[in-house]
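Got the structure open? Have a look around first, then use this briefing as your guide.

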Amino acid sequence: MTTPPPQNSGPPAAETAARAAEALFGQRVERITGPGGARRASVRVHFDDHSVIASWRADPDRRAREIALLTHLTQAGANVPRPLGLQDGWSFQTDAGSRRLTSALLRREGAARDDLAAAACESLLRIKSATRGGGFLAGLPVIANGADWLTRFADGPRHLGRLLHRSAPDYDAQALAGGMTSLPLSFIKWDARPGNAALSDDGRVIWFDWEDYGRRAGVEDAAFLVADEFWPISAARSLEILDATGFVTGRRLPLFLRFAVLHAVHRCRLIVAQRDRHGWADPDHARRYDRIGTDPDLLATCAANGAVLATRDALTEPLARWLDEIAHAARAEARARAMPD
């Protein structure tokens, strides 16, 4: 659900990024590392005194769109990587840093964590503000607003129920799909998960991975953020932060709630499917490399936040108790795994 169709081919070997970087910058590359792992489409290129990010986009049109947006946003002073050039199919950007928002949030507690969460929201809102005016929005594609896509999204609880052998309760999926239709008037990053942001050395929250942006209501980005398994803040507190920052206002709240509940369901589906294929995994490794959080505690967090959000809207309320039961079952499994043999 969370992204448009994938690119047709994977990235070439990272060594080609090193050769492209040396040709573009005229400096010797010391080493290549993978911030998301060796198979990801972006790598970190290390020179003697600094590093840059090299991204491979198989589709040249998508690559051009990403560069155009980053150019526009950096000129407006938004918190995004600055494009540095294109060489041999690799696009280069400034390095946002290695401290992903997921890890930075986990290291803080209480008010300090809430302040960082609010800063992440405010950073994203400033980016959205920078896209207004000058006709920039008019040329952007509409994302995830068609009847077929919305129907599939609204069917997510049924798919999760089959994976868990815990059937979803009766709910009006058709009404839920219709209740997420939006006038596409606002910029949307799409996939604004906390793993797609980093905390810079000067304390700014930098948002990266911009190949899938477009137009929709805009509050969907807030749903991607707070309904993620790596978001460590309760749903109730998240709603307060979203309200205080102006990210989700009253008239947009129902659409946000519906989208967030179904996104939480989708993340739970990804976790369970990955568990069924490969078993539970190390959550710290997943957080560091922005992998699916295949961990029972993370599954519980995602389902529990989805349950709380579900109680706030009539169309999602039938899913609340079911999601809460999934969270309880996941916590029980986490406790069992923590017990010594």
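Here is a short tour, topic by topic.

Keep in mind that this is a predicted model. We'll start with a helix, move on to a few loop and strand residues, look at some long distances, and finish with a pocket.

**Helix H1**

- Helix H1 covers residues 14–25, which makes twelve residues. From its first C-alpha to its last it reaches 17 Å, close to the 16 Å you'd expect at 1.5 Å a residue.
- Which residues of H1 are buried? They're Ala17, Ala18, Ala20 and Ala21. These four sit on the same side of H1, because they cover an arc of only 165° around the axis.
- Now spin H1 around: on the other side, Arg19 and Ala23 are exposed.
- What do the buried residues of H1 pack against? Their partners are strand E1 (31–33), strand E2 (42–46), strand E3 (51–56), strand E4 (83–87) and strand E5 (90–94).
- Right after H1 comes Gly26, and its phi is positive, near 70°.

**His46, a buried strand residue**

- You'll find His46 in strand E2. Its relative accessibility is 12%, and buried means under 20%, so His46 counts as buried.
- Who are its contacts? Skip the neighbours within four places in sequence, and His46 is in contact with Val29, Glu30, Arg31, Ile32, Thr33 and Ser51.

**Two positive phi angles outside glycine**

- Asp88 has a phi near 55°, a positive value in a residue other than glycine. Look for Asp88 in the loop between E4 and E5.
- Is Asp88 buried or exposed? Its relative accessible area is 54%, and the cut-off for exposed is over 50%, so Asp88 is exposed.
- Ala144 also isn't a glycine, and its phi is positive too, near 50°. This one is in the loop between H4 and helix H5 (147–154).
- Is Ala144 buried or exposed? With a relative accessible area of 13%, under the 20% limit, Ala144 is buried.

**Long distances across the model**

- Asp48 lies in the loop between E2 and E3. Asp48 is exposed, with a relative accessible area of 66%.
- Try finding Asp48 and Gly306 together: they're 258 residues apart along the chain, and 46 Å separates their C-alpha atoms.
- Leu164 belongs to helix H6, which runs over residues 156–164. Its C-alpha is 41 Å from that of Leu70, and the two residues are 94 apart along the chain.
- What does Leu164 touch? Leaving out residues up to four places away in sequence, Leu164 touches Val272 and Ile326.

**The second largest pocket**

- How do you spot empty space in a model like this? Rolling a probe the size of a water molecule over the atoms shows where such space is left.
- The second largest pocket holds about 280 Å³ of space. It is lined by 16 residues, and the closest to its centre are Arg132, Ser186, Ala217, Gly218 and Phe247.
- Which elements give two or more residues to this lining? Those are helix H4 (110–130) and strand E6 (186–188).
- As for the chemistry of the lining, it divides into seven nonpolar, five polar and four charged residues.

Technical notes. Residues numbered from 1 in each chain as written. Predicted model: local features only at pLDDT ≥ 70, side-chain atom pairs only at ≥ 80, totals over all residues. Heavy atoms only, no water. 1 Å grid on protein atoms, 1.4 Å probe; cavity = no way out; pocket = protein on both sides within 12 Å on 5 of 7 lines; lining within 4 Å. Points joined across faces, edges and corners; volume = space filled by probe spheres on them. Nonpolar A, V, L, I, M, F, W, Y, C, P; charged D, E, K, R; others polar. Expected span 1.5 Å × (residues − 1). Buried < 20%, exposed > 50% of the residue type's maximum accessible area, 1.4 Å probe, protein only. Arc of directions from axis to C-beta. Contact = heavy atoms within 4.5 Å.
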